[in-house]
Amino acid sequence: MIARTLYDKIWDSHLVDAADDGSALIYIDRHLIHEVTSPQAFEGLRLAGRKPWRRDANIAMPDHNVSTDAQERRGGYAALKDETSRIQLQALDDNCDDFGIAEFRLNDLRQGIVHIVGPETGAVLPGMTVVCGDSHTSTHGALGVLAMGIGTSEVEHVLATQCLSTQKMKNMRIRVEGDLGPGVTPKDVILYIIGQIGTAGGTGCAIEFAGQAFRDMSVEGRMTVCNMAIEAGARVGLVGVDSKTIAYVKGRHFAPKGAQWDMAVAAWRELHSDPAAHFDREILIQAADIAPQVTWGTSPEMVASVTGRIPRTEDMADESGRKGLARALEYMSLAAGANIQSIALDKIFIGSCTNARIEDLRAAAAVVRGYRKADGVKLAMVVPGSGQVRAQAEAEGLDRIFLDAGFEWRAPGCSMCLAMNADKLGVGEHCASTSNRNFEGRQGFGGCTHLVSPAMAAAAGIAGHFVDIRDWEYRS
Amino acid sequence: MKALVQHRGRVAPMDRANVDTDLIIPKQYLKSIKRSGFGIYLFDELRFSDEGWPGKALDQRTVRPEFALNQPRYAGSSILLSRENFGCGSSREHAPWALEDYGFRVIIAPSFADIFYNNSFKNGILPVVLEKDIVQGLFDALYAANDDYQLEVDLPAQCVRTPDGRVISFAVDAFRKNCLLQGLDEIGFTLESAYKIRAFEERQRQSAPWLYDVINREML
Ligand code: SF4
């Protein structure tokens, strides 16, 4: 038997058809649906008189566009001030009703960001193929899942056929070996990787994250890493299944039970790359080289250590790099060569499918405890990734810690990660954000995003500028 | 889907690397539940210096005259020339919808982000990958031409023809090429293999029964 990678194994076990020209049809076990990329797909089905191929493979929830104001949400969609949002959200409910698709609705405790809710409810399980009309579907790869973002035409295709017409990607492995230093989180690991390989470094590849750093990492931390595989250009990120993965899945609402559980676990134990498996590309990184990271520009690869500085023109290798630097610094109103810790913040956003799980909120709360938000910070908001994360955090008293520090405690949704709802940056405002994209305008027209870990964002909210979390004085 | 076979058109520059889909169409326009009408919001934050929103009238917008698409010499262009990693970021298909609605049918760049590349074919847009220095040469020629610079793109022959008679070939996989040449309904095509999908499901139900009948509306 030829040695295979984890990606090869899941691919092979889902192959429905393959043609000589390299095109293939793969079966999709789980399709996650949200309100922004689905309405045109449902409309397409309707126009062609088609029905979903298999309703029980789908689960839907609103997340991108919902209000995070708990008060406003209590009144349901009717109370939403933004009419276009209301129409889009209502369309999701209506489409799910029309086509018989299960949905966690706005005020359901299980509603939340689709990539947080999928694993949390057991709707996503190891070894599955998972798609969603959202590029951060790569998140689910942390469970040993072949998960990828698709466009709306493909959403329609998956609804109608339960298959994705695609081509096999290349295998790439990124190993991070050694122990991560104190204060260095999964977010810093993935930002560092993107800084090394660039935002197109993984284009055309499925990236497997391997090595001691990922073995030692929690499953939630692996999700943070896989989440941003797409920011390294890879549609797919993966981590092999180990006992942590299985412990994570056990007992989740949709996870198998009884004899089926035993059968599933036996199958899941095979979900890792064979020792002799061939990777088209291999990258090796030493964990000790990774410090807490902060992005200073308008692409996730524009990143530096918290102890570092913004590059100068002469640091850039070529003309396009120099142009990119100049354009980014002009947009960000920052000076070449400035120290990262001199960057002052107007807003703090702790949330998104990258960093709004319970471990993220615990890490941020530990930093904030006993402190007050800096006066210069106009708004610091904490947006849990799901209703269940929110309830868990409240049970642990984390909401009080944030509120006592002057941070806002919101209802779950994508919120200021993409600013489709009322949560956004104003022109020229700088934000320490735990999300995944620092593109121009991403968090609001003219807004300036700095991507960081939850602990780094929390500390910046207290200090008013970036500080090295490794020097933080925790209070009890 | 619109078919594309041969296309000749005016070229416009989008002279930066990593053009992301947030830049192609900002999120405030993604609230629409329609597939059309996104063209007027294409590259919104580059074309205009004020904040735009759905329905804001064009005469209330502040145009950035320096931006290429606002210059008369690029009016009506249908081929966009850009740099590395075009279309990175969000999977939003609103990006190719906006490009197509604006009038673009071909995008030439040294590389594309995977999801965008895929989404383009499904919307009648041909993404053409050419080597970095060839793209640089096209930029030079485009800037050197004082006005109307046109290229001819021939999908069956897999080549781009320049005004000075050069023929630059490009690669494209057979399946996608075929779909675009015919403007094929891919769902209909896949459903011809319905029996294979059913056979797969029968096998998988045996080997992995926990994947079936777990989620339905009544069980929520
Ligand atoms: S939290 Fe942000 S990145 Fe994640 S799904 Fe929502 S909008 Fe996309």
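What radius of gyration would a compact globule of 476 residues have, and what does chain A have? The globule would have a radius of gyration near 23 Å, and chain A has 22 Å, which agrees. This is a predicted model. The points below take chain A, then chain B, then the cysteines.

**Chain A: build and extent**

- Chain A holds 16 helices and 18 strands.
- Its C-alpha trace spans about 55 × 55 × 45 Å along the principal axes.
- Of the 476 residues in chain A, 67% are buried.
- Take the contacts in chain A between residues at least 6 apart in sequence: 76% of them join residues at least 24 apart.

**Chain A: surface and charge**

- Chain A exposes about 15300 Å².
- Carbon and sulfur atoms supply 49% of that exposed area.
- Chain A carries 48 positive and 59 negative side chains.
- The centres of these two sets in chain A lie 2 Å apart.

**Chain B: build and extent**

- Chain B holds 8 helices and 7 strands.
- The C-alpha atoms of chain B fill a box of roughly 65 × 45 × 25 Å, taken along the principal axes.
- Chain B has 220 residues, and buried residues make up 57% of them.
- Among contacts in chain B between residues at least 6 apart in sequence, 64% link residues at least 24 apart.

**Chain B: surface and charge**

- The accessible surface of chain B is about 9000 Å².
- Carbon and sulfur atoms account for 50% of that surface.
- Chain B has 27 positive and 30 negative side chains.
- In chain B, the centres of the positive and negative sets lie 2 Å apart.

**Cysteines and disulfides**

- A disulfide is a covalent bond between the sulfur atoms of two cysteines.
- How many disulfides does a search of the whole structure find? The search finds 0 over all chains.
- The cut-off for a disulfide is a pair of cysteine sulfur atoms within 2.5 Å.
- Why does A:Cys205 form no bond with the closest cysteine sulfur? That sulfur, in A:Cys226, is 14 Å from the sulfur of A:Cys205, so the pair is too far apart for a bond.
- A:Cys205 counts as buried because its relative accessibility is 5%, and the cut-off for buried is under 20%.
- For A:Cys226, the closest cysteine sulfur is in A:Cys353. The distance is 12 Å, so this pair is also too far apart for a bond.
- A:Cys226 is buried too, with a relative accessible area of 0%.

How values were computed:
Residues numbered from 1 in each chain as written. Chains lettered and ligands numbered in written order. Predicted model: local features only at pLDDT ≥ 70, side-chain atom pairs only at ≥ 80, totals over all residues. Heavy atoms only, no water. Buried < 20%, exposed > 50% of the residue type's maximum accessible area, 1.4 Å probe, protein only. Helix = DSSP H or I, 4+ residues; strand = E, 2+ residues; numbered from the N terminus. Rg over C-alpha atoms; globule rule 2.2 N^0.38 Å. Contact = heavy atoms within 4.5 Å. Areas by Shrake-Rupley, 256 points an atom, 1.4 Å probe, with all protein chains shown as cover. Lys, Arg positive; Asp, Glu negative; His and termini not counted. Charge placed at Lys NZ, Arg CZ, Asp CG, Glu CD.
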